[in-house]
Every structure is written in C-alpha cells, then in structure tokens.
Amino acid sequence: MKMDNGPLSDVRVIELGHVIAAPMCGALLSDFGADVVKIERPGMGDMLRVLSARTSDGVGAWWKTLARNKRLMALDWKSEDGRAVLRRLVENAHVLIENFRPGVLERAGLAPEVLHEWNPDLVIVRISGYGQTGPRASWPGFGRAGEAMSGLAHITGFADNAPMHPGFPAADSTTGLMAAYGTMMALHAVRNGSARGQVVDLAIFEPLLRLIDYHVPTRTGAGISVDRNGLQAPNSYAPAGVFRARDGKWITVSAGSAATGRRLLEAAVGKKWAEQPQFQSLDGFAKHMDEIVDRLGAFVAQHDAQKVIDIFSAHDAVAAMVYDVDDILADPQIAARGDIVGVEGDDTKVVGPVPKLDKTPGRLRWLGRSELGADTRAILQELAYDTGQIDTLIEQGTVAEPGR
C-alpha cells in the first residue's frame, strides 16, 4: 500500500522514531500523502502498540491513529546488514525522523554527516528531551518534563494548588506538529536551492515554550509573572472563565476586547450595567474583574447550559459548552466539518486531517495495522532486493514480516 495522491505524495519519509512525538510528525505528513515507512524492531515493535487502551480487535487505540497511512517495516538497523538496508532507504528518501536520546544514531554509525554522505539532500528531523546541544543534551526527557520546563504546568491549575499537566500529551503532540512544520520548511529549502539537506533539531519543551509565547515578554517587558489563575485567564484584562450551569454542564466564556466584553456583560447582567464607564476600556475591566466573574458565574448557574449558550449567542457573545468525547462525537458542527473519520470495516474512529485544503485535502487511507513488518517484503523489493536476499535477511533476523 502506498499513498497514490495528495500534496506530499512525492515525499518519502523514514520514521525511526517511537512512541508519540516522532510518530505524530510522520502521521501529519502521511495525512497529506507522504509515503511514510515506519521502522520497528523485529520481534518487539513500537511501545506505542501497547501504550493505550485496546480497540475491539485488540489493536492499541493510539497505534491505530499514529500509525495511520504508514507502511510498516521491521528492521534491525543496528546490525551490519540492517545498516545496508537503511542506507538504501536513505538514498531513496527525502526525510528521516528520529526521537532517540542524542548520541544513539552516532553510536550506531549513523550521525547526520554519514546520512548526508548517503543522501546530501536528506532532511533529518531530530527530536529529543533537551535538544542536540546545551548542558542537558544527554539527559533523558519525556513529555511531562517538557510541559514543566516550558512553563505550561506552572500556569495550569488553581493559584493555591499544585501545578497541573494537561489531560493529553501536550509536549509530545505539539513537538510532532512543530517537527512537521520544520520538515516542510527544510524540504522547501532543498527544492528552492537555498540549502541542501539539513538537521531539524527540536527539544521537546521548545514547541510549548513558543506557543505559550506571552509569558516571556510579559515578564521581561511588563515586569509581571504569569501565574496560574484557576478558571480565569492569567493576568486577564478581558472577561473569561469557566462556570457551571444549572444542569451540571460547564460553560466557558471569553472576550478579546472591551466591546466583546460588554456584550458578555449585557447578556448576563443587562445593558445598563454593561454600558457603565468603567467598562469602556480593558483597564477598567481588569480593575473590576472579581465582580465581573462573580456576576457571570451567578448568571450561568441560574440556567441550563443550552439556555446559557442561546442567550450569549443572541447577544453575539462568545460562549461554548465544555465537551467530553461523547459531546464531540455528537456535535453537528464537528460532523459537518468531517473532523471525525474512519475506514470501512473498522469501528474505530479517529480525528481527520487538519488543516483542510480545498484542492488537495488530506485523507485517511488506513488505520495503524497490527502486523509487525506488514510491508517489509514489498519495501525491500522496491529497494531492488531479490526474493533470495529477502528470505536470507528474514532468516537471520535482520528484518521481519508477518508470520516469520
């Protein structure tokens, strides 16, 4: 199985990574047609296969979505013959993604200089806990360490309680996203002639550090520390919060300007209060934020959630129900956008490709498959190995295919 169309259908990717960050990068590229060859250890496979709940057919839910659209090859790339196979793969690829601790590739004789000898135009995406340089480069680091170091955990939670991690692997996922972004920039540099192959170096804390963004200039420029503030936005100058409705559902409200803030106040308290002089500027909102939050909370508590949404909507004010996954699956807007997709013969649904391209949209062709090395033989044939050579590689354990 190969991707036969899509805007990236001419891009060949080798995914040496494991678990979440590197596989997320590969999955994002594969959504738009890249031919991603996922490399796993013979007899072992990626830990991601068993890291989450199993679907009804026994396959890990995370594996199904992060191994989607990828071809699977089982290869011991640290062995002499496996290195030769990897070299052929590299010579025919545009991108290699890895997320091992710095030094692993080098000890295997696969430093970037070597890979670029094999293919000078290769884009090498390297993801690690702390990056390839700096005093902590050799330290082990996982997603939670990245969430802590970026400042995300510090600004999440209530002021008088412990910092909190989000309910999903934010550092790993955003690193996968930023890695795909870096891949496309590096590929563009190759194709427009501004650079040949290069290394995309990502520390797992850096994407969140960049995406949070405002905490550094707020501290250095305004002298204010951004701290966690419970259900309100930190250092907020505009109304925002999460409030519980009468029927027990939660509503989040927000405003980005004095005008949108006044619309919230008018919906909740009335036009007379919203038009008072103190609410003509964001500075005025900031000085009265405690009272605003109390009044918004009291209003929401008086009504069922849908009624609250309807009232805010009638005033062109921003409010949204806090969804659980069943709400997501039932929402007509999400359905209309085609954001939840699946494949024929499998009950498992996944989140579809994002963003939406009107001429060359992404597609889900297949979900991650259970067979270790499902495409090993086909990939070796493409690399000009004959049947006898393939059988020898299988017999000596350099590669593996299903059933052998």
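**A three-stranded sheet and two pockets**

Strands β8 (residues 250–254) and β9 run antiparallel and are joined by four bridges; strands here are DSSP runs (E, at least two residues), helices are runs of H or I of at least four, and both are numbered from the N terminus. The model is a predicted one, in which local features need pLDDT of at least 70, side-chain atom pairs count only at pLDDT 80 or more, and totals for chains, interfaces and linings use all residues. Residues are numbered from 1 along each chain as its sequence is written, and side-chain values use heavy atoms, without hydrogens and water.

Within the β8–β9 pairing, Val253 faces Ala319 of β9. The open sheet has three strands in the order β7-β8-β9, paired antiparallel (two strands pair if DSSP finds at least two bridges between them). β7 (240–244) and β9 (318–321) are the edge strands with a single partner each, so one side of each lacks a neighbour in the sheet.

Turning to the pockets, the second largest is lined by 26 residues, with Gly141, Phe142, Gly143, Asp172 and Ile204 nearest its centre. A pocket is an open set of points on a 1 Å grid over the protein atoms alone, where a 1.4 Å probe fits, with protein on both sides within 12 Å along at least five of seven lines; lining residues have an atom within 4 Å of a point. Both β5 (123–128) and α6 (143–149) give at least two residues to the lining of this second largest pocket, and α6 provides the largest share, three residues.
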